[in-house]
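Q: Could you walk me through how to read some features in this structure? I would like the general idea each time, and then the case in front of us.

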Amino acid sequence: MNQSTGAMERLRDFLSADARELAPQLLGAVLTHESRDGTVSIRLTEVEAYMGPEDSLHPDPGSHTYRGPTPRNAPMFGPAGHLYVYFTYGMHHCTNIVCGPAGVASALLLRAGEVVDGLELAQRRRPTSKTPADLASGPARLAKALGLTTADSGRDALVPPFGLELPSVPAGAVSSGPRVGVAGAGGTDEYAWRYWLTGDPTVSKYKAAKPRTPKQAAGGPPGAAFHQR
């Protein structure tokens with residue numbers, strides 16, 4: 001998992017590009033977390049790109065940053081290669097890798113992957129999974145399998161106890177489509193920024209956002225219902 005400073009900075013430079021361009025290139029990459037319980041590595045098979053505030057160059061009504069910076073979404077404005085982990089629905093954590101230039105909000109939600117190391121530990125963390133393909137099929141499942149919580153938000157994913165390894169060869173056929181569970185315009189074909197490895201059994205099932213009540217619509221940004229499961 002250790003790598004030279006030069007290699008790490010080259011990887012950070014790579015991640016400093018546009019999230020929408022990076023998303024398909026990150027498929028097949030392996031994210032590792034070495035905790036006191038052991039090590040789990042997941043090969044990414046599905047990601048979603050999220051961009052910036054409504055007054056930015058690339059406004060994204062599905063993004064947590066759409067209404068501007070907050071203490072919660074601050075990591076999305078930080079250096080590329082860091083984690084943005086948030087808690088949702090009072091029960092789930094979801095993990096993003098920050099990308100783009102520092103100060104420009106963007107990130108890739110890690111929606112699904114294949115556990116390639118630490119299978120037994122991932123199974124202990126996800127005892128309700130029926131098959132290995134279920135272990136990280138969905139953003140909450142992926143975060144759980146890796147043992148990530150909001151305590152990890154803002155941490156550098158490119159240095160121990162984390163590691164990110166890019167695929168050495170193209171990952172294969174890639175599909176794209178609307179993001180999962182995103183309310184309003186951000187969930188339409190105009191923002192088809194979900195990318196996945198075509199036919200991979202670990203990819204999560206598409207779910208459109210549930211209709212929002214007038215009270216919900218008044219109480220949050222257009223993308224408040226995004227990143228469901």
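A: Happily! Let us start with secondary structure: helices (H or I, at least four residues) and strands (E, at least two) are DSSP runs, numbered from the N terminus. By that reading, R141 sits in helix α4, residues 139-146. This is a predicted model, so local features need pLDDT of at least 70 and side-chain atom pairs count only at pLDDT 80 or more, while totals for chains, interfaces and linings use all residues. Residues are numbered from 1 along each chain as its sequence is written, and side-chain values use heavy atoms, with hydrogens and water left out.

Q: How do I read burial, and where does R141 fall on that scale?

A: Buried means under 20% relative accessible area, exposed means over 50%, and partly exposed is in between (1.4 Å probe, protein chains only). The areas come from the Shrake-Rupley method, and for residues only the protein chains shown count as cover. R141 counts as partly exposed because its relative accessibility is 34%.

Q: Which residues form a positive surface patch with R141?

A: A patch takes residues with over 30% relative accessible area and no salt bridge; like charges are joined within 9 Å, and nonpolar side chains (Val, Leu, Ile, Met, Phe, Trp, Tyr) within 5 Å. Lys and Arg count as positive and Asp and Glu as negative, with His and the chain ends not counted. Each charge is placed at NZ of Lys, CZ of Arg, CG of Asp or CD of Glu. Here the partners of R141 in the patch are K205, K207 and K210.

Q: How many salt bridges does a search of the whole structure find?

A: The test is a side-chain nitrogen of Lys or Arg within 4 Å of a carboxyl oxygen of Asp or Glu. The search finds 11 of them. One joins R12 and E9 at 3.8 Å, N to O. Both residues lie in helix α1 (residues 5-15), three residues apart, about one turn of the helix. R12 is buried at 12%, whereas E9 is partly exposed at 33%. A network of salt bridges links E9, R12 and D156.

Q: Which parts of the chain does the pair of D200 and R43 tie together?

A: The side chains of D200 and R43 meet in a salt bridge at 3.6 Å, N to O. D200 lies in the loop between β8 (194-197) and α5 (214-219) and R43 in strand β2 (residues 38-50), so this pair ties together parts that are 157 residues apart in sequence. D200 is buried at 17%, and R43 is partly exposed at 22%.

Q: Are the two residues of the R111 and E46 salt bridge buried or exposed?

A: R111 is buried, at 0% relative accessible area, and E46 is buried too, also at 0%. Their closest N and O atoms are 3.1 Å apart. This pair links distant parts of the chain, with R111 in strand β5 (residues 107-117) and E46 in strand β2, 65 residues apart.

Q: Why is C94 not bonded to C99?

A: A disulfide is a pair of cysteine sulfur atoms within 2.5 Å, and by this rule the count comes to zero. The closest cysteine sulfur to that of C94 is in C99, but it is 16 Å away, too far for a bond.

Q: What is special about the backbone at P160 and Y89?

A: The peptide bond from P160 to P161 is cis, with omega near 10°; P161 is in the loop between α4 and β6 (162-165). Y89 has a positive phi of about 55° although it is not a glycine, and Y89 belongs to the loop between β3 (83-88) and β4 (92-98).

Note on methods. Areas by Shrake-Rupley, 256 points an atom, 1.4 Å probe, with all protein chains shown as cover.
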